[in-house]
Amino acid sequence: MKTTDIHTLKDEELTAELKNSRTELFNLRFRLATGQLEDTSKIPAVKKDIARLCTELRARERANEQAAVGKER
């Protein structure tokens, strides 16, 4: 998933995509352990997607916190 795609998602969609990616990573690791995974390059790609999603969620949280602090002043 590209960063530009992630920026356009809503908060609910981001959390759903994060949950799906974590499930996919679990399944990939399970298949790797059982010897059923042929393309091992998917694991780092999914990890990077998870990191991108977490980064975007955190950036939005910080933006909301900054907006709340600005309204208090």
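Reader: How many residues does helix H2 have, and what span should they give?

Author: A helix has an expected span, set at 1.5 Å a residue. Helix H2 covers residues 11–33, which is 23 residues, so the span should be 33 Å. Its end C-alpha atoms are 33 Å apart, which agrees. Keep in mind that this is a predicted model.

Reader: Which residues of H2 are buried?

Author: Look for side chains turned away from the surface. In H2 the buried residues are Leu14, Leu18, Ser21, Leu25 and Leu28.

Reader: What do the buried residues of H2 pack against?

Author: They pack against helix H1 (3–8) and H3.

Reader: What is the pattern of the protein along the sequence?

Author: Read it from one end to the other: α-α-α. The secondary structure comes to 3 helices and 0 strands.

Reader: What happens just after H2?

Author: Check the backbone angles there. Glycine 35 takes a positive phi of about 80°. Further on, serine 41 is found in the loop between H2 and H3.

Reader: How is serine 41 classed by its relative accessible area?

Author: The class depends on two cut-offs: under 20% is buried, over 50% is exposed, and in between is partly exposed. Serine 41 has 46%, so it is partly exposed. Serine 41 and arginine 31 are 10 residues apart in sequence, and their C-alpha atoms are 13 Å apart in space.

Reader: Is glutamate 56 buried or exposed?

Author: Use the relative accessible area again. For glutamate 56 the value is 11%, so this residue is buried. Glutamate 56 lies in helix H3, residues 42–72.

Reader: Which residues does glutamate 56 touch?

Author: Leave out residues up to four places away in sequence. Glutamate 56 then touches Ile6, His7 and Leu14. Leu14 is also one of the buried residues of H2.

Reader: What radius of gyration does the protein have, against that of a compact globule?

Author: Compare the two values. A compact globule of 73 residues would have a radius near 11 Å, but the protein has 16 Å. The C-alpha trace spans about 60 × 20 × 15 Å along its principal axes. Buried residues make up 21% of the 73 residues.

Reader: What share of the contacts joins residues 24 or more positions apart?

Author: Count contacts with a separation of 6 or more. Residues 24 or more positions apart account for 63% of them.

Reader: How many positive and negative side chains are there?

Author: Count each set, then compare the centres. The protein has 15 positive and 13 negative side chains, and the two centres lie 4 Å apart.

Terms used
Residues are numbered from 1 along each chain as its sequence is written. This is a predicted model: local features need pLDDT of at least 70, side-chain atom pairs count only at pLDDT 80 or more; totals for chains, interfaces and linings use all residues. Side-chain values use heavy atoms; hydrogens and water are left out. Helices (H or I, at least four residues) and strands (E, at least two) are DSSP runs, numbered from the N terminus. The radius of gyration is taken over C-alpha atoms; the globule rule is 2.2 Å times the number of residues to the power 0.38. Buried means under 20% relative accessible area, exposed over 50%, partly exposed in between (1.4 Å probe, protein chains only). Contact means heavy atoms within 4.5 Å. Lys and Arg count as positive and Asp and Glu as negative; His and the chain ends are not counted. The place of a charge is taken as NZ of Lys, CZ of Arg, CG of Asp or CD of Glu. The expected span of a helix is 1.5 Å times one less than its number of residues.
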